[in-house]
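Okay, thanks for coming, everyone. I'd like to walk you through one structure today, so have a look at it first.

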Amino acid sequence: MKITKLNIKAFFLLFSSLGFSQQAPQLGKNSIQEVIAAMTLEEKINFVKGIGMVASTGDGPVAGSIEGKVPGAAGSTLLIERLGIPAIIMADGPAGLRIEPKRKNDTKTYYASAFPVGTALASTWNTNMMKTVGKAIGKETLEYGVDVILAPGLNIQRNPLCGRNFEYFSEDPYVSGTLAAAIVEGIQSNGVGTSVKHFAANNQETSRNTIDEVISQRALREIYLRGFEIAIKRSDPWTVMSSYNKINGVYTSESRDLLTTILRDEWKYKGMVTTDWFAGRNYDKQVIAGNDLLMPGRIQESKKIKESLDNHTLTIKDLDRNIEKIFELIIKTPTFKNYKYSDKPDLKASAKVAREAASEGMILLKNNATALPLVTKKIALIGNASYDTFVGGTGSGEVNKAYTIPFWQGLQEAGFIFDARIKDAYFNYIQEAKSKLPKRAGILDVIKPVEEKNWSDSELEQLAQENDTAVLTVGRNAGEGSDRKVDVDYELSPKELSLISRTSKAFRTKGKKLVVVLNIDALIDVAKWRDDADAILISWLPGQEAGYAMADVMSGKVSPSGHLTQTMPMYYDDVPSAKYFPGEPNERPKVSSYEEGIYVGYRYYNTFNKPVAYEFGYGLSYTTFAIQKLSISSKNFSEILKISTTVKNTGRRSGKEVVQLYISAPGKSMDKPESELKRFTKTRILEAKASEKINFLLNASDLASFDTRRSAWVVEPGTYTVKIGNSSKNIHQTASFNVSQEIVVEKVNNILAPQQVLVELKK
Ligand code: BGC
């Protein structure tokens, strides 16, 4: 046969139709298994680790995020063009998207919106609000070309000194898990992914990369894993991020018990697991554990994985399994679907959401003689943080926002009048104090407040003469990488205490009031000075709209409806983990023993009758509510219990209320806290005299505790009490029901036991 151009073409057509195509399988067109089969060994080894972020040690690859598609993103996966595998982008973080706002040779800006931090959002107790914030964060993620946002963080606020508490939601796992699920749903409704983190027990920053958190199986199951379990089962986050720490001797990223047996087998999680950045030590163990992706990717990881394959301590099957999970994630992403992102998210729409969420997360702790809302417009606005307001924490949770509205500005724009000389004095003082500080070393360098500006007695006397009310802000900030201290952080400084007491005296002797605003990342002491204040309002770190949100609450446009998702103790030493945090007394503790067991937060204070400054669940409003007409569907429990109640606004202003349902269990063979939160809801805005009916459903798993001896969730027989109120102590209605015989709700694996003796607190 004469070879012509035409029959060469025909030959190729025939060749390819017989399946002898030259082209390698393509992700999305061919099956995942076919694509995996077509990968070279080198590709496989390199694919289970990411690309991105320069390691401070200099040992990480630079490609990817830094100069790549989205500068400032935390990392990406490996691009393999020949198999049609795009690199997907991951960026932080919980309070809004963290990317670089400016790019080389580009005049456009890429600012993201700074939303209130996790604790502020959680204080809303509003799942709808969480979804709305999630939708807005997810939209910015999508429009900036990011596929997965590394949020939310839902570790338990075990101790007020944890430097990352501001990113987390609560001391209670039910609150943490429920709110995390809502924000995940909101974010993922945009077709982008989340990473619930840090799985698990990353409850401190001190020695976070090496610390061994020694925790009983019961405390793990009921407190430290429970929030993750709720969030993961309800909202199916695209990814889970394992943590830095060890649990009972094993790094979480290397723990097959945690990442496969519990997460995948017991909880049926189908998504992908990533390490935290540079976490863990043994890369082969991470791969075997089912930690699918090693981030941000280090050169030595490939070497070690290759060695382990050669030594048969790791198999190709392990790699293939993890690659499959990464592929399943990639296929869902906007990058894979070729989404044409705009780089122009609607920042105005986000700002509106951030403002609403910020005001709803503010908590009114005290309001004597209706000091708030402010009826007078003439205020003496003092305290450094009134002018230099903290709006977010530092570290990976920091957001590069276009602007922030400090408190003074929001109040001024809302028509409050304050002396420009005071403002100037603060501006000058703060500028000078900051100019003496060393240059910030990087995002892990926490921006701490400068020393509080002083006012002499005679100056305060004059302020009291010229103004109607004093508003004094106390500021605190914290961040990733370090924990807080008791002195001059949890505790107020002598200067702050003196300013509060002298301002109080100057104003009160004239019949005028002092409002103290707490612009704080996490709990501080209030017990020592609260009598000096007429009103106390926690703003937390409220995001970029701080000042506007503050003005909304101060003016009465919004009635406060935030409630505490943690307990404010009388003294730091009362905190049940105080003796064991951040670990054995040592500069670099190796072990933190969770001797308080399940008695974390209100579970401790309420059970052991420890007086507190403000209890879990507490928060005032400008109006009052009654929670009435509790009814339960049966006095004998079988499978499901329907509970209903009615909330009535009994005051004169409109407002929202947080309705909380606690259960007190009999505790026959198992130690039980006095009560545990099992359900909550936030009402809509209720006008004066209006009411809303609330319905709750409880099932057996809500009544179960973890029985370590049997590795099972068990409901003991006996009498249970339903307690409904607007805090863990302010119970308006109770009813009881009976469980006639023991119910074993679920049997699970006997794993993650402490390797050393742990004597736990018991009733
Ligand atoms: C943090 C994570 C974060 C990651 C990527 C780590 O240092 O612990 O929360 O997502 O960095 O920036």
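So, by class, how many nonpolar, polar and charged residues does the shell around the ligand have? It has 6 nonpolar, 2 polar and 7 charged ones. Here Ala, Val, Leu, Ile, Met, Phe, Trp, Tyr, Cys and Pro count as nonpolar, Asp, Glu, Lys and Arg as charged, and the others, Gly among them, as polar.

Quick housekeeping: this is a predicted model, where local features need pLDDT of at least 70, side-chain atom pairs count only at pLDDT 80 or more, and totals for chains, interfaces and linings use all residues. Residues are numbered from 1 along each chain as its sequence is written, and side-chain values use heavy atoms, with hydrogens and water left out.

Back to the ligand. There are 15 residues surrounding it (a heavy atom within 4 Å), and the closest are Asp-92, Arg-164, His-198, Asp-276 and Glu-480. Three of those side chains put an N or O atom by a ligand oxygen: Glu-480 at 2.5 Å, Asp-276 at 2.6 Å and His-198 at 2.7 Å. On its own the ligand exposes 310 Å², and the protein buries 95% of that (Shrake-Rupley method, 1.4 Å probe).

Now over to strand β13, residues 513-519. Strands here are DSSP runs of E, at least two residues, numbered from the N terminus. In β13, 6 of the 7 residues are buried (under 20% relative accessible area, 1.4 Å probe, protein chains only).

What does β13 pair with (at least two DSSP bridges)? One partner is β12, residues 469-475, parallel over 7 bridges, with Thr-473 opposite Val-517. Another is β14, residues 535-538, also parallel, over 4 bridges, and there Leu-518 faces Ile-538.

Technical notes
A polar contact is a pair of N or O atoms within 3.5 Å; within protein, one must be able to donate a hydrogen and the other to accept it, and residues adjacent in sequence count only if both atoms are side-chain atoms. Buried means under 20% relative accessible area, exposed over 50%, partly exposed in between (1.4 Å probe, protein chains only). Two strands pair if DSSP finds at least two bridges between them.
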